[in-house]
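Me: Please look closely at one part of this model and explain what surrounds it. Then connect that part to the rest of the chain, and give the cut-offs as you go.

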Amino acid sequence: MIITLKKDTPKIEIEKIVNQLEIDGFKVVDMTNDGIHLLGVLGDTNLLEEQNIGANDWVSCVTRITAPYKKASREFHPQDTIIDVNGIKIGGMEDVVIIGGPCSVENREQIMTIAEGVAKAGAKMLRGGAYKLRTSPYVFQGLEEEGLSYLVEAKKKYNLGVVSEITTIDKLDQFIEDVDIIQVGARNMQNVELLKALGKIDKPILLKRGLANTVEEWLMSAEYILSGGNSKVILCERGIRTFEKATRNTLDLSVIPLIKKISHLPIIVDPSHATGHWELVEAMSLAAIAAGADGLLIEVHNDPQNALSDGQQSLKMKNFTSLIEKGRRIARVIGRDI
Ligand code: PEP
Ligand code: MN
């Protein structure tokens with residue numbers, strides 16, 4: 001619920017309203033903007049009567065937020081959220097941020113070689129999985145701590161931000177220390193305990209859409225992080241499971257303008273897991289930029305044929321470089337850049 005107060009409402013009257021709501025068990029967020037006093041009320045606002053609140057002389061209007069997610073909604077936060085990752089801005093109409101790197105960190109040489117290429121190609125951030133949630137227990141599961149240490153080395157050497165996926169809460173301190181954006185993978189989108197823990201830290205979270213989750217479920221997962229106090233959530237569309245088997249998943253590009261309409265959170269696209277084929281990655285990347293995506297998360301490998309995971313959907317460096325060049329041209333057409 002949003003309570004709009006009259007322009008000249010004295011501070012003492014605002015405090016009285018806030019105190020009463022807090023006594024009644026609600027959380028109140030002061031969303032005052034451009035001199036207009038707005039109070040966002042969180043909690044089970046079905047228990048509040050609009051007429052009773054509206055009866056206060058200082059209240060100009062009361063608006064109910066009908067969506068079950070509140071802090072993630074555009075109504076609650078009309079301006080775009082822009083997340084600053086060590087000077088790299090994600091969201092708003094800022095530059096489109098490119099994150100490139102292998103599915104998995106495989107060894108020191110591999111990640112250093114890819115990091116160098118990613119930086120030269122003009123990407124700002126490096127991705128690389130150290131803890132992998134593989135479908136099969138018989139395949140490569142990631143280098144774990146060793147993998148994170150190589151990412152840190154690559155980050156320092158090539159001045160790149162680092163994104164890596166967390167799989168369990170007990171590794172949280174290590175991730176806070178080592179990475180710039182903590183990724184929550186599709187399989188963990190509804191791991192509520194993990195989301196709650198991520199809500200208590202001050203670090204950007206890249207929240208992937210679940211394998212078969214609706215937009216509402218996805219935004220409710222974001223709400224767990226936001227309501228815990230961490231406002232730095234970046235959504236990532238990575239394709240959803242449909243009847244179609246020709247592609248690994250079905251990339252839902254329409255979700256980009258939809259998210260922009262109903263939420264203020266930045267949204268990026270992962271065309272690699274969405275399509276599962278490297279030949280489709282460039283076209284979907286360009287389409288995602290044209291549709292308003294705030295960034296791309298792309299798998300890149302120096303030797304895709306021998307990659308320990310997802311080689312079939314990984315771009316070689318020359319294709320990644322030319323994708324960025326074409327992407328920059330598309331971004332400029334819509335008033336952005338790379
Ligand atoms: C990944 O980005 O490495 C990954 C496993 O993706 P997803 O969670 O989208 O399947
Ligand atoms: Mn992968």
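Reply: The buried residues of α4 (145-158) pack against α3 (108-121), β8, β9 and α5 (172-178). Packing here is contact, that is, heavy atoms within 4.5 Å. Helices (H or I, at least four residues) and strands (E, at least two) are DSSP runs numbered from the N terminus. The model is predicted, so local features need pLDDT of at least 70 and side-chain atom pairs count only at pLDDT 80 or more, while totals for chains, interfaces and linings use all residues. Residues are numbered from 1 along each chain as its sequence is written, chains are lettered from A and ligands numbered from 1 in the order in which they are written, and side-chain values use heavy atoms, with hydrogens and water left out.

Which residues of α4 are buried? They are Gly 147, Leu 148, Tyr 150, Leu 151, Val 152, Ala 154 and Tyr 158. Buried means under 20% relative accessible area, exposed over 50%, and partly exposed in between (1.4 Å probe, protein chains only). An α-helix has 3.6 residues a turn, so residues three or four places apart point the same way.

The length of α4 can be checked too. At 1.5 Å a residue, its 14 residues should span 20 Å, and the end C-alpha atoms are 20 Å apart, which agrees. The expected span is 1.5 Å times one less than the number of residues.

Now the two sides of the helix. Glu 144 sits in the loop between β8 (125-127) and α4. Its phi is positive, about 55°, although Glu 144 is not a glycine. Glu 144 is partly exposed, with a relative accessible area of 37%. After α4 comes Asn 159, again with a positive phi, near 55°. Asn 159 belongs to the loop between α4 and β9 (161-166), and at 70% relative accessibility it counts as exposed.

Where does α4 fall in the chain? The domain assignment gives domain 1 (2-63) and domain 2 (83-333); these bounds come from an automatic or database domain assignment. The centres of the two domains, taken over C-alpha atoms, are 38 Å apart.

Next, the ligands. The residues around ligand 1 include Arg 127, Glu 165, Ala 186, Arg 187, Arg 238 and His 273; a residue is near a molecule if one of its heavy atoms lies within 4 Å of it. Among the polar contacts (pairs of N or O atoms within 3.5 Å), a polar side-chain atom of Arg 238 is 2.6 Å from an oxygen atom of ligand 1. A polar backbone atom of Ala 186 lies 2.8 Å from an oxygen atom of ligand 1. For Arg 187, an N or O atom in the side chain is 3.0 Å from an oxygen atom of ligand 1.

His 273 also serves the manganese ion (ligand 2), whose protein donors are Cys 103 (SG), His 273 (NE2), Glu 299 (OE) and Asp 310 (OD), 2.0 to 2.3 Å from it. Donors are N, O and S atoms within 2.8 Å of the metal (3.2 Å for Na, K and Ca); water is not among the atoms, so sites may look incomplete. Along the sequence the donor residues are spaced C-x169-H-x25-E-x10-D. One pair links distant parts of the chain: His 273 in helix α9 (residues 271-275) and Asp 310 in the loop between β14 (295-299) and α11 (317-333), 37 residues apart. Both His 273 and Asp 310 are buried.

Note on methods:
Polar contact = N/O pair within 3.5 Å; in protein donor to acceptor, adjacent residues only side chain to side chain.
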